[in-house]
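Please open the model in your viewer and keep the sequence panel beside it, since each stop on this tour asks for a selection.

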Amino acid sequence: MPIDEYLAALSKELWGPRRRKADLLAEARDHLTDATEAFEADGLDRYDAEKHAVADFGTLEEVAPGYRADLAVSQSRRTAVLLFAALIIQPIVWREGAWSWNSGPDDPNPLNDLLQVLVRNVGTIAIAGAVLAVVAAGIGLRSPFVRTHLTRATTLFALANAVTIGGIGVLMALTSPHPNGLLDLSVVGTFVVLPLVLVGQQAARGLRLARA
C-alpha cells in the first residue's frame with residue numbers, strides 16, 4: 001500500500017482533537033518518508049520502497065490503537081482545561097453584590113446558604129482535580145499505565161462535576177434571596193450551565209475515545 005493511501009486509511013480510523021491528530025499523521029508521514037528513502041537507497045523503486053516502508057510500519061490494526069490512546073489523552077487534557085476554565089470564573093459570577101442580579105433585598109434563605117457552601121467545596125475539589133488531570137495528561141503521553149487509566153477517570157470526573165455544579169447553580173438561582181427572577185436564571189444559564197454543558201460534551205467525546 002502506498003504512503004498516501006495508508007495515511008488516508010489511518011486517518012479514517014482516528015478521531016479526537018484535530019490538531020493532535022494532524023500532528024500524529026504528520027509524524028507518521030515523516031517516518032514513512034524516511035523509511036522509503038532508505039529503501040530507495042538500497043535499490044528499490046519508489047512504489048516498492050513505499051510498500052516496504054508501510055509494511056514495516058505496521059498494519060492499521062496494529063498502529064491505530066496506540067494513536068487512539070494518544071488522542072484520548074489529548075482529549076482528557078482538553079476536557080480538564082475546559083473544566084478548570086468553567087469553574088475558575090464561578091467566584092466572580094457568584095460574588096455577592098457585585099452584579100445587579102444578585103443585589104437588592106436580602107431575606108435569609110437557609111437552603112441557599114447551604115448551597116453556597118456546597119458549591120464552594122465541590123468547586124474547590126473540581127478545580128484541584130482538573131489541575132491534576134492536566135498534569136497527568138502530560139505524564140500520560142509517556143507512561144502507558146497513566147495513559148490507560150487517565151481518560152476514563154478524567155471524563156467521568158468532569159461529567160460528575162459538570163452535572164453537580166450545574167444543578168447546584170440552578171438551585172442557587174431559584175432560591176436566591178435577591179428576587180430578580182429570570183435575570184438570575186439567565187446569568188446562571190450563560191455563565192454556569194452553558195460552560196458546563198460544553199465540558200460535558202468534551203467529556204462524552206473522551207468516553208468514546210476511552211472505549212475505542
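Before selecting anything, bear in mind that this is a predicted model. Colour the protein chain by secondary structure, and you should find 8 helices and 0 strands, so that, by the definition of these elements as DSSP runs, the order from the N terminus reads α-α-α-α-α-α-α-α. If you then colour by accessibility, 41% of the 212 residues of the protein chain count as buried.

**First stop: helix α2**

Select residues 18-41, which make up helix α2, and then show the side chains of Asp23, Glu27, Asp30, Asp34 and Glu37, which together form a negative patch on the surface. Asp23, a member of this patch, lies in helix α2, and Asp23 counts as partly exposed because its relative accessibility is 36%.

Stay with helix α2 and select Thr36, which also has its place there. Is Thr36 buried or exposed? Thr36 is buried, because its relative accessible area is 0%, where under 20% is the cut-off for that class. Now draw a distance from the side chain of Thr36 to the backbone oxygen of Leu32, and you should read 2.8 Å.

**Second stop: a nonpolar patch**

Next, select Phe84, Ile88, Val131, Val135 and Ile139 and switch on the surface, where these residues make a nonpolar patch of about 390 Å². Two elements, α4 (60-88) and α6 (110-140), each give two or more residues to the nonpolar patch. Which element gives the most to it? That is α6, with 3 residues.

Within this selection, centre the view on Ile139, which lies in helix α6. Ile139 counts as partly exposed, because its relative accessible area is 38%, and the partly exposed class runs between the 20% that bounds buried residues and the 50% that bounds exposed ones.

**Third stop: a positive patch**

Finally, select Arg18, Arg19, Arg78 and Arg205, whose side chains gather in a patch of positive charge on the surface. Of these, take Arg205 as the residue to centre on, and extend the selection to residues 182-211 to see helix α8, in which Arg205 is found. Arg205 is partly exposed, because its relative accessible area is 47%.

To compare the charged patches on one view, keep the positive selection with Arg18, Arg19, Arg78 and Arg205 displayed together with the negative one of Asp23, Glu27, Asp30, Asp34 and Glu37.

How values were computed
Residues are numbered from 1 along each chain as its sequence is written. This is a predicted model: local features need pLDDT of at least 70, side-chain atom pairs count only at pLDDT 80 or more; totals for chains, interfaces and linings use all residues. Side-chain values use heavy atoms; hydrogens and water are left out. Patches are made of residues with over 30% relative accessible area and no salt bridge: like charges are joined within 9 Å, nonpolar side chains (Val, Leu, Ile, Met, Phe, Trp, Tyr) within 5 Å. Accessible areas come from the Shrake-Rupley method with a 1.4 Å probe; for residues, only the protein chains shown count as cover. A salt bridge is a side-chain nitrogen of Lys or Arg within 4 Å of a carboxyl oxygen of Asp or Glu. Lys and Arg count as positive and Asp and Glu as negative; His and the chain ends are not counted. The place of a charge is taken as NZ of Lys, CZ of Arg, CG of Asp or CD of Glu. Helices (H or I, at least four residues) and strands (E, at least two) are DSSP runs, numbered from the N terminus. Buried means under 20% relative accessible area, exposed over 50%, partly exposed in between (1.4 Å probe, protein chains only). A polar contact is a pair of N or O atoms within 3.5 Å; within protein, one must be able to donate a hydrogen and the other to accept it, and residues adjacent in sequence count only if both atoms are side-chain atoms.
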